[in-house]
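Got the viewer open? Let's take a walk through this one, a stop at a time.

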Amino acid sequence: VAFACQSQAGMSVIYTQTDCTNDCDNLQWVTNPELIANASSEGVVKWADSKCYVQSALTSTVGAIDAGSISLQVQDGSIFSVGDGIRVFTELKTVTKVLGGLLVVATPFAGVHRAGDKVLKTRASPQ
């Protein structure tokens, strides 16, 4: 489970249970991601336009993804449904079709991604 935010200025932050340095005993959200009810900028101007996502599942690509492609092959397609969000590095996509381990997304990938890259299933966090 991870919780990540990205601002339109290109700044990102990610919270996970790995390598925790502050408030490390407060990890109920790890075992129950539904506890992550929303995200907010908490009055910090540079995060006012941020969009936040909760990782609910993880798999990897089987082959490379070419720039301009609207599909990708993943190791475990069973964790995805039409309408799910996915994240491959900084690219966020919406799944429009699931055919076994083949996912089709709504918009083309901008960059090239390698075989074995992580594919995170995400859900948007209401702001």
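Before you click anything, one term: two strands pair if DSSP finds at least two bridges between them. Keep in mind, too, that this is a predicted model.

**Stop 1: strand E7.** Select residues 102-105, which make up E7. Now add residues 71-73, strand E4: E4 and E7 run antiparallel, paired over 3 bridges. To see how they line up, pick Gln-73 and look across to Leu-102 in E7, which stands opposite.

**Stop 2: strand E6.** Next, select residues 91-99. That's E6, and this strand pairs with E7 in the antiparallel sense too, over 4 bridges. Click Val-95 and you'll find its bridge partner in E7, Val-105. The two strands form a hairpin with 2 residues between them, and Gly-100 in the turn has a positive phi of about 65 degrees.

**Stop 3: strand E5.** Slide over to residues 85-88, strand E5. E5 pairs with E6 in the antiparallel sense over 4 bridges, and Gly-85 has Thr-94 in E6 as its bridge partner. Here's another hairpin with 2 residues between its strands, and this time Phe-89 takes the positive phi, near 50 degrees.

Is E5 covered on one face or on both? Both: Gly-85 and Arg-87 are buried on one side, and Ile-86 and Val-88 are buried on the other. In a regular strand, side chains alternate between the two faces of the sheet.

**Stop 4: the core.** Show side chains for Ile-65, Leu-72, Val-74, Phe-80, Ile-86, Val-88, Val-95, Leu-103, Val-105, Phe-109 and Val-119; these 11 residues make up the largest nonpolar core. E5 and E7 are the elements that give two or more residues to this core. Zoom in on Ile-86: leaving aside neighbours within four places in sequence, its contacts include Leu-72, Phe-80, Val-105, Phe-109 and Val-119.

While you're there, center on Phe-109. The charged end of Lys-93 sits over the ring of Phe-109, 5.4 Å from its centre. Don't go hunting for aromatic pairs, though: a search of the whole structure finds 0.

**Stop 5: Asp-117.** Last pick: Asp-117, in the loop between E7 and strand E8 (118-124). Is this residue buried or exposed? Asp-117 counts as buried because its relative accessible area is 7%, under the 20% cut-off. What does its side chain have for polar company? A polar atom of that side chain lies 2.8 Å from the backbone nitrogen of Arg-114. Not counting residues up to four places away in sequence, Asp-117 touches Thr-59, Ser-60, Thr-61 and Phe-89.

Notes
Residues numbered from 1 in each chain as written. Predicted model: local features only at pLDDT ≥ 70, side-chain atom pairs only at ≥ 80, totals over all residues. Heavy atoms only, no water. Buried < 20%, exposed > 50% of the residue type's maximum accessible area, 1.4 Å probe, protein only. Polar contact = N/O pair within 3.5 Å; in protein donor to acceptor, adjacent residues only side chain to side chain. Contact = heavy atoms within 4.5 Å. Phe/Tyr/Trp six-rings, centres within 6.5 Å; stacked < 30°, edge-to-face > 60°. Lys NZ or Arg CZ within 6 Å of the ring centre and 35° of its normal. Core = buried A, V, L, I, M, F, W, Y, C linked by side-chain atoms within 4.5 Å.
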